[in-house]
Amino acid sequence: MNTRSVSQRLADSPSVRDTILSAARAARGEAGADAHAMTHSWLFTGPPGSGRSNSAVAFAAALVCTDPDEPGCGKCQSCIDAFGDSHTDIVHVVPQELSISIETVRNEIIAPAARLPTIASWRVVIVEDADRLSAPARDALLKTVEEPPASTVIILCAPSTDPKDFSPTLRSRCRHLYIPQPSMREVMRILMEEEGASESDAQLAAATSLRHIGRARALIRNEVIQNRRAQVIQLAELIFHGDQSFQAVGALLTAIKKESEEAHAERDTEEREKLEQALGMGAKGKGAAKALSGASKAVKDLETQQKKRGTRRQRDAMDLALVDFAGVYRDALILKAGSQLQLTHPDFEGLSREIAEKVSVEGLVACQDAIEKCRVHISQSVGPQIAFFGMIGAIRRACKVK
């Protein structure tokens with residue numbers, strides 16, 4: 001069991017640690033604590049994989065901790081439950097769809113935020129990916145963020161305060177805390193201590209994930225993701241082999257779709273069966289037809305929701321693949337320039353070196369631009385095959401492949 005304290009968990013980011021612990025001490029009303037350090041609405045921002053949600057959970061643990069001397073001690077039952085995502089007064093909202101709907105805000109954020117805490121002094125609501133709030137959802141959440149209940153703390157997590165990422169109106173109602181990217185050493189520590197990884201595996205995962213904690217964990221845990229990464233990187237070699245790169249992209253997209261569906265098929269089926277049982281589908285007799293009519297709509301709504309979740313999972317998987325792919329050309333640029341920067345894919349240095357020898361600096365930059373354009377197209381609902389094929393064509397031109 002990991003019983004590291006909040007102070008230890010956030011040691012890699014002293015400014016984050018000090019802000020969170022100062023707020024927790026103020027929330028306790030400790031003598032000498034800065035009364036202005038605590039507020040009820042927070043916005044945690046930082047690059048992907050920086051650990052925004054981990055910092056939010058650490059803050060929640062410090063608030064519900066029962067140790068009289070050290071907020072977020074890591075050893076009391078409240079801390080253990082907080083870090084184990086099982087504390088009754090901590091609500092952790094992790095969106096599964098492309099956007100956060102007004103229904104989700106009302107049911108999963110506003111309603112829980114309005115309830116009194118059950119065992120702790122505070123009820124904490126953490127909302128990941130708050131940049132995905134739809135316009136109606138933002139409007140619905142505004143009053144709660146502006147005037148949360150006296151015993152409630154709301155922590156919204158988003159990539160940045162840029163208006164494209166997060167509502168300026170909501171931003172103005174929150175205290176902002178920036179979560180920096182963790183160091184290589186910190187990501188390696190997490191992987192070795194919490195995932196049981198060897199030092200060499202931890203170092204590779206930390207590098208190839210660009211210090212993205214969640215991605216690094218997945219690379220250690222999941223063999224499918226490890227194989228997918230290798231499959232994506234090999235695309236850079238196939239660029240120089242005629243139509244093989246297009247064939248490989250087709251196989252990649254098919255595999256991503258299939259794996260995404262299979263990984264959640266059982267859960268989706270169970271969710272549907274539970275709903276059907278709750279609605280009494282299959283019943284007969286007087287009034288059954290009318291009841292089943294309403295039940296049919298509920299099932300259809302669930303299927304729509306499941307489809308949206310599936311679309312997001314596939315988009316996320318494709319985006320991760322593109323990040324891995326871009327890393328090959330970044331490494332080629334680093335090698336071509338003779339820089340000592342850390343490679344993204346050190347285990348594929350040979351491939352990156354070959355590309356660096358074949359392609360000009362301008363060509364390598366054009367390859368990265370083509371990948372970024374594909375990422376944008378995917379986020380804008382352009383068909384995956386069209387977006388990926390367009391990218392491959394642009395990279396072949398940049399590499400002067402005939």
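How much space lies in the second largest pocket? About 460 Å³, and the sections below start there before moving on to the cores, helices and cysteines.

## About the model

This is a predicted model, in which local features need pLDDT of at least 70 and side-chain atom pairs count only at pLDDT 80 or more, while totals for chains, interfaces and linings use all residues. Residues are numbered from 1 along each chain as its sequence is written, and side-chain values use heavy atoms, with hydrogens and water left out.

## The second largest pocket

Let's look at the lining. It is made up of 20 residues, and E97, S101, T104, E108 and Q305 are the ones nearest the pocket's centre. A pocket here is an open set of points on a 1 Å grid over the protein atoms alone, where a 1.4 Å probe fits and protein lies on both sides within 12 Å along at least five of seven lines; lining residues have an atom within 4 Å of a point. Grid points are joined across faces, edges and corners, and the volume is the space filled by probe spheres set on the points.

β2 (90–93), α5 (102–114) and α14 (288–337) each bring at least two residues to this lining, and α14 gives the most, with five. Helices (H or I, at least four residues) and strands (E, at least two) are DSSP runs, numbered from the N terminus. Sorted by class, the lining has seven charged, eight polar and five nonpolar residues. In this scheme Ala, Val, Leu, Ile, Met, Phe, Trp, Tyr, Cys and Pro count as nonpolar, Asp, Glu, Lys and Arg as charged, and the others, Gly among them, as polar.

## Two nonpolar cores

The largest nonpolar core has 37 residues, and F325, Y329, I355, F388, M391 and I395 touch the most other members. α11 (223–233), α12 (235–238), α13 (244–279), α14, α15 (349–358), α16 (361–379) and α17 (384–398) each give two or more residues to this core, with the largest share, eight residues, coming from α14. A nonpolar core is a set of buried Ala, Val, Leu, Ile, Met, Phe, Trp, Tyr and Cys residues joined through side-chain atoms within 4.5 Å. Buried means under 20% relative accessible area, exposed over 50%, and partly exposed in between (1.4 Å probe, protein chains only).

Y329 is a good place to zoom in: beyond residues up to four places away in sequence, Y329 touches A236, I239, I355, L364, C367, Q368, I371 and I395. Contact means heavy atoms within 4.5 Å. Apart from this core lies another, of 36 residues, including F44, C79, I90 and C157.

## Helices α5 and α8

The pocket-lining helix α5 also has a buried side: I102, T104, V105, I109, P112 and A113 are buried. Their cover includes β2, β3 (123–127), α6 (135–146) and β4 (152–158).

In α8 (residues 184–194), the buried residues are E186, V187, M188, R189, I190 and L191. α1 (6–9), α9 (199–208) and α10 are among the elements that cover them. After α8 comes G196, with a positive phi near 70°.

## From the α9–α10 loop to α10

Two residues in the loop between α9 and α10 deserve a look. L210 sits in this loop and, though not a glycine, has a positive phi near 60°; L210 is partly exposed, at 40% relative accessibility. R211 is in the loop as well, also a non-glycine residue with positive phi, about 60°, and is partly exposed at 31%.

R215 belongs to helix α10 (residues 213–221). Is R215 buried or exposed? With a relative accessible area of 9%, R215 is buried. Setting aside neighbours within four places in sequence, R215 is in contact with S209, I225, R229, L320 and D324.

## Cysteines and E259

The structure holds zero disulfides, a disulfide being a pair of cysteine sulfur atoms within 2.5 Å. For C174, the nearest cysteine sulfur belongs to C157 and is 11 Å away; C174 is buried, at 9% relative accessible area. For C399, the nearest cysteine sulfur is that of C367, 3.7 Å away, and C399 is buried at 8%.

Finally, E259 lies in helix α13 and is partly exposed, at 29% relative accessibility. E259 contacts V224 and R228, leaving aside neighbours within four places in sequence. The C-alpha atoms of E259 and E303 are separated by 19 Å, with their positions 44 residues apart along the chain.
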